[in-house]
Amino acid sequence: MHTEIGHNIEEAAALLRAGSLVAIPTETVYGLAGNALNEDAVLSIFKAKNRPFFDPLIVHTHSIDEIRKHVSEIPDRLLPLMERYMPGPLTVLLRRKSVIPDIVTSGLERAAFRIPDHELTLSLLRSLDFPLAAPSANPFGYISPTSAAHVYAQMNGVIPYILDGGDCRVGIESTIVGVEGDAIIVYRLGGLSLEQIQSLVGEVRVVSESSSDPSAPGMLTSHYAPRKPLIIGDIKELIHTYRDKKIAVISFSERYDVPHQYILSPSGDIDEAAKKLFAAMREMDATDADLIIAKSLPEGGLGRAVNDRLKRASHPL
Ligand code: TXA
Ligand code: MG
């Protein structure tokens, strides 16, 4: 299959109406989109990504009204968050109506909904009369794509069209939130920070624990991972420990004397570091280094989500 990269919303819409897949830009990462109400289209998403069926997909729409059509209710506790941060890097879990096929949610009663904050994709969604199921547009387990070129590198020949919306502005996947009883639960740390959520709704519970249990969807321990071993810790010490290896370093703002390195934000800006993280992992993965060394960021703001991704991406030699 020939894979085209372009800005043509009409062409993307026509392909999606015909049940094909299209990679779409969002402010977080690129998605691999198909008609969420068409089981065959959704099935082909899982196949294209080589993704296990127990890992459910996020449903993308252009408005809260559109979300309402596909759910039985929106808990009062979630509405302020949705009204403030949709469109935005927020995904909410809501009890679905039966129009959302089982395959989208892996059979779970709640479906994940999100309104991406990207003009091209919002226009695309407005031109369709169905929502789009879209996981990140990477093969299962690999690093999420934050540019059309990243998508092309892995989906060339697999999907017909990549809608090019430039580099993703946030660069890290959406924060997934839902309610259990009276509590607001954060199931995945992401592009909307805990501080932003808490300043609107008060304390929340974070259950985004690392797990290798496939019944905890999407929270698999090894995820977002480069192919080379990635080791997290004190960079100076690790450079010494692995001094007989060829090393690539991903640092926050400091420079080291190593063959390859990617400085996430020379000015020490956490948001910029989050935006660059996945590009850094890809770039260092493409070097001839034996291993990648990185250090956790300060925990505030998006630092928490970056550290979560680093932890999931890391595996020892
Ligand atoms: O920013 C994002 O969220 C991006 C863009 C493309 O929107 N999408 C994304 O999708 O990161 P994906 O499939 O790579 O990760 C979505 C995760 C799943 O792994 C799963 O853990 C969780 O969302 N999820 C989806 N539906 C769920 C559901 N019904 N219940 C619980 N978790 C769900
Ligand atoms: Mg993903």
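1. Let's start with one residue pair: threonine 91 sits opposite isoleucine 176, which belongs to strand 9. Before we go further, keep in mind that this is a predicted model. The pair is part of a parallel pairing between strand 5 (residues 90-95) and strand 9 (residues 175-180), held over 3 bridges.

2. Now look at the other pairing of strand 5. With strand 6 (residues 110-114), strand 5 pairs in the antiparallel sense, over 5 bridges. Here leucine 93 is the one to find, standing opposite alanine 112 in strand 6. Is strand 5 largely enclosed or not, and why? Of its 6 residues, 5 are buried, so the rest of the structure largely encloses strand 5. If you are tracing side chains along a strand, remember that in a regular strand they alternate between the two faces of the sheet.

3. Zoom out to the whole sheet. Strand 5 is one of 11 strands in an open sheet with mixed pairing, and the order is 1-8-2-3-7-4-6-5-9-10-11. At the edges stand strand 1 (4-6) and strand 11 (205-206); each has a single partner strand, so one side of each has no neighbour in the sheet.

4. Two more spots in this sheet deserve a look. Strand 2 (residues 22-24) and strand 8 (residues 161-163) run parallel and are joined by 2 bridges, with valine 22 opposite tyrosine 161 of strand 8. Then there's helix 2 (residues 39-49), which lies across strand 3 (31-35) and strand 7 (132-133) and runs at about 155° to strand 3.

5. On to another sheet. How many strands does the parallel open sheet have, and in what order? It has 4 strands, ordered 12-15-13-14, and the pairing is parallel. The edge places go to strand 12 (230-232) and strand 14 (260-263), each with a single partner strand, so one side of each lacks a neighbour in the sheet. From one strand to the next, the twist averages 20°.

6. Strand 12 pairs with strand 15 (residues 291-294) in the parallel sense, over 3 bridges. To see one of the partnerships, find leucine 230, whose bridge partner in strand 15 is isoleucine 292. Helix 10 packs on this sheet, touching strand 13 (247-251), strand 14 and strand 15, and its direction makes about 175° with that of strand 14.

7. Between strand 14 and helix 10 there is a loop, and serine 267 lies in it. Serine 267 is exposed, because its relative accessible area is 61% and the cut-off for exposed is over 50%. Serine 267 and glutamate 254 are 13 residues apart in sequence, and their C-alpha atoms are 9.5 Å apart in space.

8. Next, a helix pair. Helix 10 (residues 270-285) and helix 11 (residues 303-313) pack at an angle of about 20°, and their axes are 9 Å apart. The two helices are therefore roughly parallel to each other, and helix 10 passes helix 11 in a left-handed crossing. From helix 10, Ile270, Ala274, Leu277, Phe278 and Met281 meet Gly303, Val306, Arg309, Leu310 and Ala313 of helix 11. By class, that contact has 8 nonpolar, 1 polar and 1 charged residues. The spacing is worth a thought: an α-helix has 3.6 residues a turn, so residues three or four places apart point the same way.

9. Last point: helix 11 itself. Since 9 of its 11 residues are buried, helix 11 is largely enclosed by the rest of the structure. The buried ones include Ala305, Asn307, Asp308 and Arg312. As for what they pack against, the buried residues of helix 11 face strand 10 (183-188), strand 12, helix 10 and strand 15 as packing partners.

Definitions and conventions. Residues numbered from 1 in each chain as written. Chains lettered and ligands numbered in written order. Predicted model: local features only at pLDDT ≥ 70, side-chain atom pairs only at ≥ 80, totals over all residues. Heavy atoms only, no water. Axes fitted to C-alpha atoms, helices over the stretch in contact; angles between N-to-C directions. Parallel < 35°, antiparallel > 145°, perpendicular 65-115°, else oblique. Left-handed = near helix turned anticlockwise from the far one by under 90°. Contact = heavy atoms within 4.5 Å. Nonpolar A, V, L, I, M, F, W, Y, C, P; charged D, E, K, R; others polar. Pairing = 2+ DSSP bridges. Buried < 20%, exposed > 50% of the residue type's maximum accessible area, 1.4 Å probe, protein only.
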